[in-house]
Each structure stands twice: as structure tokens, then as C-alpha cells.
Amino acid sequence: MTTRRSFLAGAGLLAAAGTVNRAALAALPEPVIQTSAVTAAPLSPPDGRPYDPVVTLNGWTAPWRMRNGVKEFHLVAEPVEREIAPGMVARLWGYNGQSPGPTIEVVEGDRVRIFVTNRLPEHTTIHWHGQRLPNGMDGVGGLNQPQIPPGKTFVYEFVARRPGTFMYHPHADEMVQMAMGMMGMWVTHPRAPHPHIAGVDRDFCFLLNAYDIEPGSYVPKINTMLDFNLWTWNSRAFPGIDSLNVRKGDRVRVRIGNLTMTNHPIHIHGHEFEVTGTDGGPTRPESRWPEVTTDVAVGQMRQIEFIADEEGDWAMHCHKSHHTMNAMGHDVPTMIGVDHRGLVEGIQKLVPDYMLMGERGMADMGEMEMPLPDNTLPMMTGQGPFGAVEMGGMFTVLKVRREQQRGDYRDPGWFKHPKGTVAYEWAGAALPEPARSAAAGPSSMPRTEPARSVEMTVRKPAGHQGH
């Protein structure tokens with residue numbers, strides 16, 4: 001955290017603030033800077049209209065100042081460092097010390113004024129994704145407004161006209177700036193009871209984002225289109241993603257925004273949920289149905305709700321399997337079935353750290369203590385009460401506990417299973433071998449002549465050419 005004057009002096013804005021006059025500059029709210037990746041407690045509103053706050057996974061809510069009935073925020077676009085998970089730090093761009101930036105929480109009908117100070121090496125803007133607002137506040141550089149030059153502060157002001165979950169991100173050099181981590185969430189709470197918005201006991205939010213950071217380096221490759229090697233929630237990868245800790249019987253809301261380059265089927269174990277909102281607003285109750293997985297497409301938000309009525313430690317993850325592994329699992333050749341006998345010792349004479357892996361599958365990687373390049377993460381990692389979890393990327397745990405107190409978001413530790421409720425090894429009589437059929441399956445195109453042996457030469461493509 002820093003003071004307004006020391007920050008502005010360091011940014012060079014006290015001497016050069018051509019966009020905001022000196023009187024207005026003196027009235028800027030303090031830019032609060034946060035660098036911790038710990039999930040912050042909900043920010044109960046100190047003033048303004050009341051609301052039930054959200055909890056940002058591995059993030060926080062931006063404080064504000066009420067000034068003449070206007071809710072004022074101060075966002076600082078700047079280079080940041082973000083711990084992706086223990087053992088790996090990325091050098092990104094973000095807001096107020098973090099990527100993603102802080103969540104902005106307001107109430108329907110609030111007049112909001114956001115000061116945006118640019119400390120990046122290039123110009124920027126902010127687009128308020130999904131908001132209804134004056135065209136000149138929409139944040140598309142060159143179309144709706146001039147770009148915000150480095151060292152300058154611009155002001156956005158509009159009324160939060162409808163409740164819902166929204167996002168913010170640049171619309172200036174967008175491919176670079178979003179690939180570098182510039183994004184954040186915005187929640188507008190209803191001003192009064194809403195027929196399509198139920199009260200909840202826990203309200204979580206996070207963004208889906210992705211990076212391509214070569215092992216040993218720190219800065220994302222900004223031209224990657226699809227082949228990312230770090231799939232993250234709020235710029236964190238498992239086991240660096242905090243668990244969602246709730247009380248048994250709580251009604252839980254989870255708001256998920258997607259600013260990656262692909263869709264993500266988000267799946268929760270042990271519970272059914274309903275999609276109760278999109279970035280277009282709350283869904284009508286008659287339009288909802290039970291799900292255990294919902295697909296969040298690029299540029300979309302999905303708000304899901306469920307009753308946490310099953311105790312335990314339940315997995316919550318993207319169901320694309322390569323999105324639940326980390327950097328060292330990408331571009332690894334398939335070695336299943338390859339006979340390594342006699343090769344390992346010879347290779348180790350040249351490469352002492354060489355380890356045999358993958359000829360029986362990759363599960364051994366979850367427990368291997370193999371040397372890694374600097375500043376990267378193993379393919380799958382994380383320890384649970386029964387051993388290696390063998391996950392990474394977009395994975396965390398929903399922890400439902402009977403004894404969790406209302407308003408307590410602390411991690412309760414591992415679930416203590418009642419006797420007789422854990423899968424166990426069979427110790428009885430030997431089981432018979434399964435009967436197997438060797439018959440060929442049917443064909444929709446039966447042969448009319450005997451099959452002939454054809455010799456073919458196949459040349460496989462050498463790579464994806466970056467796509």
C-alpha cells in the first residue's frame with residue numbers, strides 16, 4: 001500500500017498531468033496497491049448503499065472514496081509480479097500491484113468515477129465489458145476516446161445501470177496487454193430485492209486467464225494464439241489456487257469470467273448447480289436446469305449457484321484435461337510402450353539428471369523430484385491426504401464443512417471421512433479374470449471383396465506453426 005502523494009511523485013504525475021488539471025489531481029483518491037496472492041476477506045461497504053460483498057479467489061476488492069455522492073476508485077495500470085504458484089513468478093502487466101486487478105464492487109444506480117493512471121511503457125485504455133454506459137466511456141482507443149499516454153491519468157464516469165457480473169480490460173494494443181495479464185472483475189449488486197437474484201451465503205468470483213511462459217523465463221509470449229502452457233484462475237495455477245471454503249447448507253454463488261483464447265467447461269464434483277446469470281444479467285428462473293458442468297466461452301461470464309449439502313473436499317476444475325496440468329507437461333512426447341531397457345544408464349553418463357518417464361503413463365510425474373528449469377512448475381503436483389493429487393492448472397477444491405462458521409473463509413484443512421466412506425483395496429477372495437470377446441465389431445460399410453494389404457508411407461507434420 002502507498003500514499004497518494006508518494007505514488008504520484010514516483011510516477012511523475014505531480015509535474016505532468018495534462019489530462020487532469022491540478023485541482024482535480026489534488027483530489028485524486030489514493031491508489032491502494034496490493035501484492036499478496038492470498039484471498040482477501042470480503043470488503044464490507046464502509047459507506048454508500050449497502051450490499052453483500054463477494055470474495056475474489058486469490059484477489060481482493062478495490063476500496064473507494066465517496067465524494068459528493070460519487071463512488072471514486074483509482075486504478076493504476078503498471079508492470080507487476082505475480083506468483084503463479086509456489087516456485088514460479090511471472091512478470092506481467094496489471095492493475096494496482098496485481099494481475100488480475102482488484103474487483104470493483106458497486107450497487108445498481110451508483111454513480112461511479114474511476115481514475116486510471118498509466119504507468120505502462122505504452123498507451124492504454126480500459127473497456128468496461130458488458131456495461132451500459134455513454135459511448136465515450138466505453139474505452140475503445142481511437143474509436144470512443146484518445147489513448148491514455150504513459151504517465152497520464154484519465155477519468156471514466158458513468159452510472160452502474162444494471163446488476164450483474166462484468167469484466168474490465170484494455171481495448172488498446174489488446175493482444176499484448178491482455179496476454180500480459182491486464183484484466184479484472186466488476187460486480188454490480190442489486191439496489192433492491194430482485195425477482196431473479198436470490199440471496200446467498202457465499203459469493204465467489206474469479207477470471208479464467210492463460211499464459212505462455214517458457215520454462216526458465218518470466219515474461220509471457222504475447223503472440224501465442226492457442227498453445228498456452230499455463231492455464232490459470234486469477235493468474236494462479238494449482239496448487240497455488242485457494243480452495244473455496246463453505247459451510248454445509250450454504251447457498252453458494254460462483255461468478256466465472258473467461259478472458260482466455262478458448263472455452264472452458266467448468267465442472268464441480270458432488271453437487272448440481274444452475275446457471276443463474278451471464279454477463280447479460282440474471283437468468284429467469286424458468287430458463288434454468290441442473291448441471292454439473294457449464295461451458296464458459298471466450299469473453300463470457302457464467303454465474304452458477306448451488307446448495308453445498310454434501311460434506312467433503314470436492315474437486316472443481318476445467319474439464320479439458322490439458323488445462324489441468326502445468327508448464328512442464330506441454331510438448332512432452334508420448335513414450336507409452338517404448339522399451340527403454342539398456343538406454344537409461346548410457347544416457348545418464350552424458351546427462352546425469354536424465355530420468356526415465358512416460359513409458360507407463362505420466363502418473364509417476366506427480367511424485368517425482370526431478371530437476372526443473374528455473375522458474376517453472378512440474379506438469380502435475382499437489383499433495384492431498386492420500387498422496388499426490390496429480391493435477392495442475394485450472395483446478396482447486398470446494399471444501400464443505402458442517403463446522404465452518406458463517407462468514408469464515410479460512411481453510412478448514414483436509415476432510416475427516418466417516419468410517420466406511422473411503423474407497424479401499426479388496427482383500428477377499430481372488431476375482432475371476434474378465435471374459436473378453438475377440439469378435440470384430442459391425443461395420444456400416446461391409447466389404448464386398450476380400451481385404452487387401454496396402455503398404456503406405458505417412459509423413460507427419462512437424463509442428464503447429466504457432467497455431
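Is Pro385 buried, exposed or partly exposed? Select Pro385 and have a look before reading on. This is a predicted model, and Pro385 comes out at 48% relative accessibility. Since partly exposed runs from 20% up to 50%, Pro385 counts as partly exposed. You'll find Pro385 in the loop between β21 and β22. Now add Lys416 to the selection: Lys416 is 31 residues away along the chain, and the two C-alpha atoms are separated by 9.6 Å.

**Stop 1: the largest pocket**

Keep β21 and β22 on screen. β21 (381-384) and β22 (387-391) each supply at least two residues of the lining of the largest pocket, and so do β20 (312-318) and β23 (395-401). To find the centre of the pocket, select Asp313, Trp314, Val397, Lys399 and Trp414, which lie nearest to it among the 38 lining residues. The space there amounts to about 870 Å³.

Colour the lining by residue class and you'll get 21 nonpolar, 12 polar and 5 charged. Then try colouring by domain: domain 1 (26-196) and domain 2 (205-268 + 284-399) each put at least three residues into this lining.

**Stop 2: the sheet around β20**

Next, select β20 itself. Of its 7 residues, 5 are buried, so β20 is largely enclosed by the rest of the structure. Now show the open sheet of 5 strands it belongs to, in the order β13-β23-β20-β15-β18, with mixed pairing. Which strands stand at the edges? They are β13 (244-247) and β18 (293-296); each has a single partner strand, so one side of each has no neighbour in the sheet. Averaged over the sheet and ignoring direction, neighbouring strands are turned by 20 degrees against each other.

Zoom in on the two partners of β20:

- β20 and β23 run antiparallel and are joined by 6 bridges. Met316 has Thr396 of β23 as its bridge partner, while His317 is partnered with Phe395.
- β15 (residues 264-268) also runs antiparallel to β20, with 3 bridges between them. Here His267 stands opposite His317.

So click on His317 for a view in both directions: Phe395 in β23 is a bridge partner, and His267 stands opposite it as well.

Just past the edge strand β18, pick Ala297, in the loop between β18 and β19 (301-307). Ala297 has 25% relative accessibility and counts as partly exposed. Its C-alpha atom is separated by 8.8 Å from that of Met261, 36 residues apart along the chain.

**Stop 3: the second largest pocket**

Now select Asp52, Gly199, Val200, Asp203 and Arg253. These lie nearest the centre of the second largest pocket, which has 31 lining residues. Four elements give two or more residues to that lining: β10 (184-189), β11 (202-211), β14 (251-258) and β17 (281-282). The space is about 520 Å³, and the lining divides into 13 nonpolar, 10 polar and 8 charged residues.

Where does this pocket lie relative to the domains? Domain 1 (26-196) and domain 2 (205-268 + 284-399) both contribute to the lining, so the pocket lies between them.

**Stop 4: β11 and its partners**

Stay with β11 and show its side chains. In β11, 10 of 10 residues are buried. Arg202, Phe204, Phe206, Leu208 and Ala210 point one way, and Asp203, Cys205, Leu207, Asn209 and Tyr211 point the other way. That is the pattern to look for in general: side chains of a regular strand alternate between the two faces of the sheet.

Bring in the partner strands one at a time:

- β14 runs parallel to β11, joined by 7 bridges. Cys205 has Arg255 as its bridge partner there.
- β1 (residues 55-56) pairs with β11 in the parallel sense over 2 bridges, with Thr56 opposite Cys205.
- β12 (residues 230-233) runs antiparallel to β11, with 4 bridges; look for Leu208 opposite Trp233.

**Stop 5: the sheet with β10**

Finish with β10. It sits in an open sheet of 4 strands, ordered β5-β10-β9-β7, with mixed pairing. β5 (104-107) and β7 (127-129) stand at the edges with a single partner each, so one side of each is left without a neighbour in the sheet. Neighbouring strands here are turned by 25 degrees against each other on average, direction ignored. For a last close-up, take β5 and β10, which pair in the parallel sense over 4 bridges, and find Glu105 opposite Val187.

Conventions
Residues are numbered from 1 along each chain as its sequence is written. This is a predicted model: local features need pLDDT of at least 70, side-chain atom pairs count only at pLDDT 80 or more; totals for chains, interfaces and linings use all residues. Side-chain values use heavy atoms; hydrogens and water are left out. On a 1 Å grid over the protein atoms alone, a cavity is a set of points where a 1.4 Å probe fits but cannot get out, and a pocket is an open set with protein on both sides within 12 Å along at least five of seven lines; lining residues have an atom within 4 Å of a point. Grid points are joined across faces, edges and corners, and a volume is the space filled by probe spheres set on the points. Ala, Val, Leu, Ile, Met, Phe, Trp, Tyr, Cys and Pro count as nonpolar, Asp, Glu, Lys and Arg as charged, and the others, Gly among them, as polar. Domain bounds come from an automatic or database domain assignment. Two strands pair if DSSP finds at least two bridges between them. Axes are lines fitted to C-alpha atoms, for helices over the stretch in contact, and angles run from 0 to 180 degrees between N-to-C directions. Buried means under 20% relative accessible area, exposed over 50%, partly exposed in between (1.4 Å probe, protein chains only).
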